Amino acid sequence: MRHQLYRAFFAAAFLLLWFGPGISAWAQDSTLRIGISEEPRTLNIWLASDANSRKVLSLIYQPLYNRDPETLRISPWLAESLPEYDPETVSYTVKLRPAKWADGSDVTADDVVFTVNLIQKFKVPRYYSKWSFVREVKAVDKRTVRFFLKEPKAIFATRTLINYIVSRKEWEPLAKKAETQEKPLTALLNTKVDHPLGCGPFVLEEWREGTSLYLKKNPHFFGQGQSINQRKLGPHVDKILFKIYGTADVAILGLKKGKIDFLWWAIQPGYLEGLKDDEKVKVFLSEKSALYFMGYNVRKEPFSDPVLRRATATLIDNNFFVKRVLQGYASRMDSIVPAENSFWHAGNLPDYGQGLSRAERIRKASALLREKGYSWDTPPVDDSGEIQTPSSIRLPNGRPMQKFVILTPPADYDPNRATCGLMIQEWLNGIGVPAIARPMSFGALLQTVKGNHEFDAFILGYGRLSLDPDYLRSFFHSSNDKSRGWNMSGYRNPEFDRLAEASVSAMDPDKRQDLIHKMQQIVMRDVPYIPLYKPQVIEAVSRQFTGWEQMVGGIGNIWSLCRVKPVD
Amino acid sequence: MSLQKLIIRRSLEILVIFFVILSGLFLLFHLAPGDPVSRMVDPTMTPEDAELLVSQLGLDQPLWLQYVYYVKNFFTGNFGVSFHYGRPVVEVIGERLPNTILLFTSSVILSALAGIFWGKMVAWHKGKPVDTWVTIISLVCHTLFLPWIALLFIWIFAYKIGGFPLNGMISPELWMDPDSGIFLKTLDIMHHMLLPLLTLFIIHVGSYLLIMRSSMLETLSEDYILTARAKGLNEKQIRNRHAGPNASLPVVTSVGLSLAFSINGGALTETVFTWPGIGRELIFAVSNNDYPLALASFLFISIVVLIANLVVDVLYAFLDPRIRY
């Protein structure tokens, strides 16, 4: 009898636990449930460096300008019109549209002035370099603000103005408090922000740390019901719920099971087949502003020889990476600037081995090297033009080339780059170049390549490349060839430096475009970096919602979240 | 040596060991390649920005000075501020720790109780088919790859059959509902706990069962068991009152240490089930070079393990008067 009672009790408890909370689970149709990989770490805009904090904050704080989803050019957002440049005073005038903060107070020019002054005063990392060349900011009237630059800077309009504006009311007391501390910047960054005050489409409702974060519609959002950039904005959902999933496998199950409506997470191609067959799920494939590349350390021989680098570029088959390694979910790159960034991408670039077979690539590369004085005891191409196994290559001075290492991230961090390293090793070995691909932990790889420059070659990538091509200057200007600098290859070319400096102050977009194109041509001629590929962004949503705005980088953008609505 | 002297000696040893751990962890983290700033691979971030960050994080100071501050701060109860949260690490750990304790303590206790019970039973039926099969199943459970079994359970019970949640500790929708009371919320946590608990139970129960079985077999060959039989006690009394409690001593030791080690939260379990515990934080902190958070987490775990060791040593001496060190 006692055993039977125990059994009945356990069975009842089990059934209650299995079905009980599920039955009463509360659902709201107009709540958009978004799956993210990690919990946002902070809602302090000045501290937030992780992707998920920035995703949440991008729906709360807003910039003056945004990117147009089609043209990718800046378009007015919190600003009413495009900025007006006055070359005589080297200043930009920006007119704000009527807008309110989430507490109902007006967004004014004073808030913009305060934001810039705060960044400059505290030298807030990640923001300071974008505003450091602004000499003065003035509120002309309640909705007009004027930025005086120290000197003409083209990136002001394309990069600086797309940064967030904060409310003076929210941040002034916090900044004043931070100033009284021993380390004001640290105090500012460590300020806990429980309810950020923004003017975006959503405001924070509740953050239950470790589990979920709720946003609700901001009734004062300036875009509500407005048509901005020919797009009528909402938001059309009452709430957004961010749910955290520890692994992609479980997140995919959550999407298929209807537990989330959007997986704001780049999905690996391996999951695609299972998702494509699901009627409840829609998959988006988008281009990405990204760059995955192989770089040589051109500070040292023999990598300082551009002919060797061109021969390497000839041997590397980018199409192979796209088709075989990335299963077709990527695009080959022929420049440092992705082709989708069409205004800045240059045409007429050297296409090295494009369209050639493996044998033709070997013939072309060995011809290039032979012409420069490289030699072999047994060359890769015999007298009759047939390919053969070569002996080790000799440098133009007659010495054998030493073995060198291509550093890659480890396969558990990025299997694609690790595989590409092995393929490049094989292709280089095919003409007697003694390369060895070696995976190295990502932190160590960055320190080696960026910190102390003790390397031969490396494969790295930028998953989120800015749409403004100023990164060309960061990557290849000689002034950035220093520890922690972005010129990791140590490329130095006075002609490139001159063009890069001119591009910074070229305020005429067409003139700047011409300079950027020339910079790309130089880089692709000297190939300190050999561009390899850029993966596509694979995202999946529930068919219960419609209105997603696809652009470079995917559907996870402010336009989508202002327009998405439940299917009737 | 008296018990009092033993405790004093062990405590002093623990202090020395802890100081070695304190210094070792600092060196390991700071000498490992990479720093928090180098991981921020954003070409719009200038070297000057990086320098500002390095300075703000205090990483521009000489290593020995960082070490002095670190030791001083530790002994003054200041564990530092997380680089990514911007909050005191004690606060972050304090939020996550109860979740870890809830899940892992429950799983260790449940699996230990089951392991003791089943281990006792199979040892009693030594050589019979039940002994063979239970031993084989225990070995299989003990060697199962945790993420695999966790994902399998999620797929079967939460996705295919349904009813169980896929992940997390609570249903946010339910907790936002003003009508849901404390009973429903408690039930919701238990509902979310079931799958991770089942996974951990299956992983742990095998080892406890095998320890208990082996200890029970040894105990059953002791003279006092023979004496008990000679006294005419029935088999159930001999198994449950004489052999069982004595044989469970090694399991108690193992449980003590498991409880201590469970504080690190079985990072894999917490990751697969998105359980908001200290294990997931540890992975994040280590992979993002959040030194204060990672160091404080490891130190906290070290303290708990060292104290658990001391308690087990004392418990041993207390439970078995023959043991003296």
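Domain 1 and domain 2 of chain B bury about 1,700 Å² between them, and carbon and sulfur atoms supply 81% of that area. The model is a predicted one. No salt bridge is counted between these two domains, although a search of the whole structure finds 47 salt bridges over all chains. The points below cover this interface, the fold of chain B, the domains of chain A, and selected salt bridges.

**Interface between the domains of chain B**

- Domain 1 of chain B spans 3-75, and domain 2 of chain B spans 89-324.
- The contact involves 21 residues of domain 1 of chain B and 16 residues of domain 2 of chain B.
- The buried area is about 1,700 Å², and the count of salt bridges across it is 0.
- Polar contacts are also absent by the rule used, which finds 0 residue pairs with both members at pLDDT 80 or more.
- On the side of domain 1 of chain B that touches domain 2 of chain B, helix H1 (3-31) and helix H3 (63-75) each supply at least two residues.
- H1(B) gives the most to this side, with 14 residues.
- By class, the residues on this side of domain 1 of chain B are 15 nonpolar, 3 polar and 3 charged.

**Chain B as a whole**

- Chain B contains 14 helices and 0 strands.
- Of the 325 residues in chain B, 50% are buried.
- Among contacts in chain B with a separation of 6 or more, 75% are between residues 24 or more positions apart.

**Helix H13 of chain B**

- Helix H13 of chain B covers residues 278-287, and 7 of its 10 residues are buried, so this helix is largely enclosed by the rest of the structure.
- The buried residues of H13(B) are Ile278(B), Gly279(B), Arg280(B), Glu281(B), Leu282(B), Phe284(B) and Ala285(B).
- Two of these buried residues, Arg280(B) and Glu281(B), also belong to a salt-bridge network that includes residues of chain A, among them Glu38(A) and Arg41(A).
- Just after H13(B), Asn289(B) has a positive phi of about 50°.

**Domains of chain A**

- Chain A is divided into domain 1 (28-60 + 200-286 + 538-566), domain 2 (62-171) and domain 3 (291-535).
- The C-alpha centres of domain 1 and domain 3 of chain A are 36 Å apart.
- Between these two domains, 7 residues of domain 1 of chain A are in contact with 5 residues of domain 3 of chain A.
- Domain 1 and domain 3 of chain A bury about 500 Å² between them, with 68% of it on carbon and sulfur atoms.
- The salt-bridge count between domain 1 and domain 3 of chain A is 0, whereas the rule for polar contacts finds 1 residue pair, both at pLDDT 80 or more.
- Helix H9 (residues 272-276) of chain A gives the most to the side of domain 1 that touches domain 3, with 3 residues.
- That side of domain 1 of chain A has 5 nonpolar, no polar and 2 charged residues.

**Salt bridges**

- Side chains of opposite charge can pair when their charged atoms come close.
- A network of salt bridges links Glu38(A), Glu39(A), Arg41(A), Glu209(A), Arg87(B), Glu91(B), Glu95(B), Arg96(B), Arg280(B) and Glu281(B).
- Lys243(A) and Glu173(B) meet through their side chains in a salt bridge, at 3.7 Å from N to O.
- This pair crosses between chains, from strand E14 (residues 239-244) of chain A, which holds Lys243(A), to helix H7 (residues 172-176) of chain B, which holds Glu173(B).
- Lys243(A) and Glu173(B) are both buried.
- Within chain A, Asp470(A) forms a salt bridge with Arg473(A), and their closest N and O atoms are 2.8 Å apart.
- Asp470(A) counts as buried because its relative accessibility is 3%, under the 20% cut-off.
- Arg473(A) is at 24% relative accessibility and therefore counts as partly exposed.
- Glu151(A) forms a salt bridge with Lys153(A), with the closest N and O atoms 3.9 Å apart, which falls within the 4 Å limit for a salt bridge.
- In this pair, Glu151(A) is partly exposed, with a relative accessible area of 42%, and Lys153(A) is buried, with a relative accessible area of 15%.

Definitions and conventions
Residues numbered from 1 in each chain as written. Chains lettered and ligands numbered in written order. Predicted model: local features only at pLDDT ≥ 70, side-chain atom pairs only at ≥ 80, totals over all residues. Heavy atoms only, no water. Domains from an automatic or database assignment. Contact = heavy atoms within 4.5 Å. Buried area = accessible area lost by both parts, 1.4 Å probe. Polar contact = N/O pair within 3.5 Å; in protein donor to acceptor, adjacent residues only side chain to side chain. Helix = DSSP H or I, 4+ residues; strand = E, 2+ residues; numbered from the N terminus. Nonpolar A, V, L, I, M, F, W, Y, C, P; charged D, E, K, R; others polar. Buried < 20%, exposed > 50% of the residue type's maximum accessible area, 1.4 Å probe, protein only.
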